[in-house]
Each structure stands twice: as C-alpha cells, then as structure tokens.
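Hi,

Here is the structure for you to look through. My notes follow below it.

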2 protein chains.
Amino acid sequence: MSELRRDPVIGRWNIIDTESPAGIETFEMEPQVYAGGRCPFCPGSESITPPEIYAVRPPQSPANSAEWQLRVIPNKFPALRIEGDLDRRGLGIFDLSNGIGAHEVIIETPDHQKQMADLSVEELTRVLSAYKARSLDLRGDTRLKYALLFKNFGLSAGASLEHSHSQLIALPIIPKRVQEELKGAQRYMEFRERCVYCDMLGQELQDKERLICENRGFVAYCPFMSSFPFEIMLLPKTHAADYAKQGPESLVDLASLLKETLLRLRSALNNPAYNFIIHTAPIEPREREEYHWHLELIPKLTRIAGFEWGTGFYINPTSPELAAQALRASAV
Amino acid sequence: MSELRRDPVIGRWNIIDTESPAGIETFEMEPQVYAGGRCPFCPGSESITPPEIYAVRPPQSPANSAEWQLRVIPNKFPALRIEGDLDRRGLGIFDLSNGIGAHEVIIETPDHQKQMADLSVEELTRVLSAYKARSLDLRGDTRLKYALLFKNFGLSAGASLEHSHSQLIALPIIPKRVQEELKGAQRYMEFRERCVYCDMLGQELQDKERLICENRGFVAYCPFMSSFPFEIMLLPKTHAADYAKQGPESLVDLASLLKETLLRLRSALNNPAYNFIIHTAPIEPREREEYHWHLELIPKLTRIAGFEWGTGFYINPTSPELAAQALRASAV
C-alpha cells in the first residue's frame, strides 16, 4: 500500500510508494552530453558575453579581463529585460504586462571541468556570497518584487551550457509558489504561534530516519512529504526569512553542507542532473516573521505526466526514508 | 520584449516570448522508441492483465475473451489501491493516509498500430463514453472525491506502454490544482456574476488569432496565457461543470474535435509526445454552478527547470498566436 502524505505548508498531497519503493537502479538517467565548441563562460571568452555586473578578481585586474575567480553577467538570452516600463494593463478579460525584470548568470568558477560539487568550501562560499550581493543590489529597483536564485545542472535539468553556473531571475511580481508558502507559513503562525519550518525541522530531527547530514548552521534531509525521489531540503537551524541577510559565518556553513550534500548525491546516483532553488522572502519593506528561507534540491529522475498536470500532486516512487538512507551511506 | 500574461482563473503569470518566438524547428523531440516483446494490451493477452471492469464487445462474447473493441482494466501497478481504509491520521506535525483510490487503464483499441488520432470518430466516441461510464460508476464509492481522466502519449510524456490507452485515477481528496480552479471560478462568479471560462471563450472567439478549430459543441484554441508551446484548450461551448453529465451528442462532437486537433498537432509537430487531462468538477452532492469542464492538452516540447519549480510560473518560448497559426495551417 502506498501512502498519501501532505505538505504542511502548501497543502499538497503526494502519493509515496512505501510498499515496493523504486531503488536507485530503476531510474533511467538521461545522458548529459554537451556539444563541443568555444565555451562562452571560460576565461578568454569575456568579449563574447555581455559586460560583467559583478566579479571576484585580483586587485587592479580590469573588468571583463580574463583573471577572475567568479563573474556575474546578464543572460545573453534573457527571459525578462531590465529596460522599459512594466505597463501592467488589461486586454479584454486578460491581464498582461511587459516582460520587465533581471536575468543574470553567476559563472561559479573559471575552471570548465569543475562541477559545483568540486568547488572548495571557500570557492562555494564565494558563489553563495555573490547570490547575496546580487540579491541586495537588485532591491534598489522598486519595480522588482522577488529575486529567484536557482541552479540547473545537467542537460535534462535544463542547463543549456556545461560550464558550472547558477541564475538569478528578478520578477516584477511575487511568484505563485512563493505566495503559497508565505500564506501557508502565515496560517500556521496564526494557528500555532510557531514557524511551520521550525516545527518540521524539529520533527525531522526527532524522527531521524530522513536526515542526511548537518553542521553548525544547517540540516539536510529528505522531507516527509517529498514530491520527488531524492528530493532534499537544506534548512537553516536558526529561524530567518531572508537569504540575503545571512552573515558570513552562515554562508560558510551553507557552503560546507551544500558541498557535502552534492557529493553524496553524485556518488549515490551516479552524477544525476538536478535543480536547486533558494526559497526566500519577497523584496518588500515589511519583515516576513512567519517565513523561513530554505534551499530545495530536486534530482531529475522522473517525468511529469498527466496525473501531475491534472492534480498538482506528485507520485513519488522512492520513499524519503529510503533515499535518506542511501544518501547517508554514500561516499563524500 | 517578452510579455507576462496572467491566468484569470488560478492567477499564474507566465513569461511568453512574443519578440523572437521559438519556431517548430527549435524543439528537440525525444525519440519515442519502445522495447519489443509481448504487448499486455493486445487481444490474446487478456490472461496477463487484471480482469476487466468494463468492456465494449459483441453480444455473447465472454468477459476477458479476445473479441473486444475497448477494455477497461485495473492498473497492474496502481498508484492507489481500492481495498482498505483511508485511515487519515497525524504523525507529529505531519498528515498522512493510506493510498486508497482507483487506478484504471482504458485500452482504447485492440489495434496496436493505431494512435488515438487514428481512431474513427465512432471509435473515439466509444473511448469518451467509457470515460463517462467509469466516472459515474466510481461515484458510488463515498471514499472518493475526484476522478481524474488523462492520457499520456509517448515515452517522454510518461506512457510506459505503446498500445493506445488512457488512465483514470480516483482520489480520496480534491486535488490542489482542481481546488485552485474551483476557487478562481467562484471568485470570478462572485465578482462578475458570470463564468470565467465562458468569458475567456467569448474573448478568444472575438480575438480569433488563437483559435484552431471548432464544431457544433466545442472550440479548440491556444490559450492567451499558455504555459507551454502549443498548449491547447478544448472547451464545450455550453456552460457545464461535469464531464460525466454530457449527453451522447456532445460526446460525438468532442470526439470529432479531439480527433481533428490531434491530427493537426501530429502533422504540425511531427508526432509529438503529449499529455491531456480532463478538468471536471469533484464528486460531491452539490452542483458547481461556477465551474466549466474542459480538456487541456500539453505537447511535451520543453523541460521544467529551476525557474518553474521555484515560481510556479512557466517560460513559454512560443506565443499561442504563433502556435495556433501553425495548427490552423497544418493538414488534417
């Protein structure tokens, strides 16, 4: 018998196969083979990318020259553009606006061969600090309401270039998914006067069977109501709504636990494609006391089909208990 | 510049590339190659499937014998099982229940070579009537709150077997996505005292540029706020909440327009994988006057990545205006 498990924040019920769970060997991993040719993200290609917005480079090294450790550039094929007016308007029954926003690429390392999991804790801290710096900088633009930080790794997870990179898309509206989390967290706060994420963390720490690893500041676990096989949550132990308000120590802790998690995932599942997303509070003057930022990591192992489109629920063939066990046992 | 367009029902904003839209040639179509071996859905394989629940066969032909035109069987590997108690319960902060429900397979034709688009209008009407009959039958089970009818076509859209089939999953809860549509339709009804789907249809008929085809009872169009390239909506012209309350004439009209739409899609996009889902009212005593059932068809042309997981919004590289134009121009 499978189980139906409910997400306490957004109310989504997933079907989880706890009876005859799919083991690691059952996933058809798509090959992640990229075409050759000149990589626009490698040192020496600076002239073929848009000019950099942010970089970590030695003192006196000029912008857009080749000696850098990290670069942030506008996406050459942006989903949204920073120039222009939003012009929100109606069209008969419909609502629309111009596609205003920011779309930036964080080139995490000059080394084309390195995956994010291969970066040192120091290098990875640099990446996470760039996320923070860019998020803070975009807050100056009052048209923007949300900064989404995410990473697509591997062709089948949507990364069109192989060179290790993440993305930032800043939007003129608070996304639907974020609204759902904010609303769920607020409803729980009104009812219990506690944070739903803190309570979930407490429960996961008590149950133990879904934990992967932890350090001073963060815990990595496979959530009870996981939508996907090997879905992973990285949650700060301290209640905080805003990724960009983290101090330097917290960024080092996150880098260290993210690296460990990525290494475990790579060895447990033979280098799967994945997406990770930082869920953080919107850009707005008020504090979201009820919210708790987190990083969600989803390996690309299953396909979305009619059931998922029709219900908004997911069928997860691997229980989080089994996934966490495999991740705990895998090499770092 | 792209456009942000809002779904008037569920409030989702999609980013639609109206500036340099992706043409048909840019989609990487995954090959739909199935392994060989004995097909469990072909005539003669009845003994290796679970016993049939419903069938269209000649008079005097015994159940589970080989002379049939259509069969409905329980899924051999069901996501949910019909036997047992729901036993909804808490587990610390979490909610869960047993995986109770129904999971049935509608084998649409005995002919392994035929795709749904190849079925005659009469054969397709038989399929749509089976959907109706099974939906009505499951209403007797008071544990069930929703019957989801859907079809996955092609490996990359999640169909694990090649032989043409659809599925029915009946759930003990009203799915999140359905709740969102019901709520949106209700909110609009309270505000405007009209049906949001009827109003959208009126707008699409007036604007014309997103229409594909229509007949006496139904209209097929690419919605203004399409999440996906070549997304198609089939909407009944007459306001009605419940798929299963359609009369026989309406089923023939739907079969005829669905066949035309599938043929246009196959020729426009070189036989793409797709999902379709019937969105209909929940199983409950009250009438949902505010709702309007519909069929949503999504060809599998793009990948879901970090942006979509993080926001609940979609980036659609092909405007519905362009898609509808291509579908209108394609051969039937």
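Strand 13 of chain B (strands are DSSP runs of E, at least two residues, numbered from the N terminus) has two faces. B:Tyr274, B:Phe276 and B:Ile278 point one way, while B:Asn275, B:Ile277 and B:His279 point the other, and all are buried. Buried means that 20 or more other C-beta atoms, placed from the backbone, lie within 10 Å of the residue's own.

This is a predicted model: local features need pLDDT of at least 70, side-chain atom pairs count only at pLDDT 80 or more, and totals for chains, interfaces and linings use all residues. Residues are numbered from 1 along each chain as its sequence is written, with chains lettered from A and ligands numbered from 1 in the order in which they are written.

Strand 13 of chain B has two partners. Strand 8 (residues 146–153) of chain B pairs with it in the antiparallel sense over five bridges; pairing takes at least two DSSP bridges. There, B:Asn152 stands opposite B:Asn275. Strand 14 (residues 294–299) of chain B also runs antiparallel to strand 13, joined by six bridges. In strand 14, B:Ile298 is the bridge partner of B:Asn275.

Now the two chains. A rotation of 180° with 0.0 Å of shift along its axis superposes chain B on chain A, RMSD 0.0 Å. The fit is by least squares on C-alpha atoms of residues with pLDDT of at least 70 in both copies. That is the relation of a two-fold axis. In chain B, the C-alpha nearest the axis belongs to B:Ile304, 4.4 Å away.

Best wishes

Definitions and conventions:
A residue is buried if 20 or more other C-beta atoms lie within 10 Å of its own, exposed if 12 or fewer, and partly exposed in between; C-beta atoms are placed from the backbone. Helices (H or I, at least four residues) and strands (E, at least two) are DSSP runs, numbered from the N terminus.
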